[in-house]
Amino acid sequence: MGRNSYRPRRASKKWLEDAPDYVLACYDFGKDKGVDRYTVLFGGDLWEPSMGSTVQALCLSENPCTRFGVRIWNEYNARQRSNFGKPVKWLALPECVRECVISCATEDDC
């Protein structure tokens, strides 16, 4: 990599145990945040050098795959992770959130 190259770093193994390789990090704004409580940053095969320090992110409600659930794709500067809430372990996310993340990353119907 060149001197000015950037590649988003993945959180440590303790935070991403059992997470798919494309998950960089998970965040939780807490119950009072609103409809998009959780944020999951994507990298790995879903990131390209042309993206610079920008990463794709999926913002989700507590029950994202229900009729009234929220799933919002967005792009963020990976260097500004403090804006996403508190880091949270992949396995601490509700099961429905983890399933929705996998579904959205691997299927076209998110």
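Here is a chat between a student and a tutor about this predicted model.

Student: Let's start with the sheet. In what order do the strands of the open sheet stand?

Tutor: The open sheet is made of five strands, and their pairing is antiparallel. One of these pairings, between β1 and β2, runs over five bridges. Going across the sheet, the order is β4-β3-β2-β1-β5.

Student: Which strands stand at the edges?

Tutor: An edge strand has a single partner, so one of its sides is left without a neighbour in the sheet. That description fits β4 and β5 (86-87).

Student: And the helix? What angle does the direction of α1 make with that of β3?

Tutor: α1 packs on the sheet, where it touches β1, β2, β3 and β4. Its direction and that of β3 make an angle of about 135°.

Student: Now the inside. Which element supplies the largest share of the largest nonpolar core?

Tutor: That core has 17 residues, and those touching the most other members include Val 23, Cys 26, Leu 60 and Trp 90. At least two residues each come from β1 (23-28), β2 (38-42), β3 and α1 (95-106). The largest share is four residues, and it comes from α1.

Student: Does that leave anything else? How many residues are in the other core?

Tutor: Apart from the largest core lies another one, with Leu 24, Tyr 27, Leu 41 and Phe 84 among its members. The number of residues in that other core is ten.

Student: Let's zoom in on Arg 37. Is it buried or exposed?

Tutor: Arg 37 lies in the loop between β1 and β2. Its relative accessibility is 10%, and the cut-off for buried is under 20%, so Arg 37 counts as buried.

Student: Which side chain joins that of Arg 37 in a polar contact of 2.8 Å?

Tutor: The Arg 37 side chain makes a polar contact with the side chain of Glu 62, but that one is at 3.4 Å. The contact of 2.8 Å is with the side chain of Asp 28.

Student: Arg 37 also touches Ser 61. Where is Ser 61 found?

Tutor: Ser 61 is buried, with a relative accessible area of 10%. Its contacts include Val 35, Asp 36, Tyr 38 and Val 97. As for its place in the chain, Ser 61 is in the loop between β3 (54-60) and β4 (71-77).

Student: Which residue has its backbone nitrogen 2.9 Å from a polar atom of the Ser 61 side chain?

Tutor: Gly 69 and Val 70 are both among the residues in contact with Ser 61. The backbone nitrogen at 2.9 Å belongs to Val 70.

Student: On to the aromatic rings. Is the pair of Tyr 22 and Phe 42 stacked or edge-to-face?

Tutor: Tyr 22 sits in the segment before β1 and Phe 42 in strand β2, 20 residues apart. Both residues are buried. Their ring centres are 5.8 Å apart and the planes are at 15°, so the pair is stacked.

Student: What about Tyr 76 and Phe 84: stacked or edge-to-face?

Tutor: At 3% relative accessibility Phe 84 counts as buried, while Tyr 76, at 26%, is partly exposed. The ring centres of Tyr 76 and Phe 84 lie 5.0 Å apart with planes at 65°, so this pair is edge-to-face.

Student: Which residue forms one aromatic cluster with Tyr 22 and Phe 42?

Tutor: A search of the whole structure turns up four aromatic pairs. The residue that forms one cluster with Tyr 22 and Phe 42 is Trp 73.

Key:
Residues numbered from 1 in each chain as written. Predicted model: local features only at pLDDT ≥ 70, side-chain atom pairs only at ≥ 80, totals over all residues. Heavy atoms only, no water. Buried < 20%, exposed > 50% of the residue type's maximum accessible area, 1.4 Å probe, protein only. Polar contact = N/O pair within 3.5 Å; in protein donor to acceptor, adjacent residues only side chain to side chain. Contact = heavy atoms within 4.5 Å. Core = buried A, V, L, I, M, F, W, Y, C linked by side-chain atoms within 4.5 Å. Pairing = 2+ DSSP bridges. Axes fitted to C-alpha atoms, helices over the stretch in contact; angles between N-to-C directions. Phe/Tyr/Trp six-rings, centres within 6.5 Å; stacked < 30°, edge-to-face > 60°. Lists of a residue's contacts leave out its neighbours within four places in sequence.
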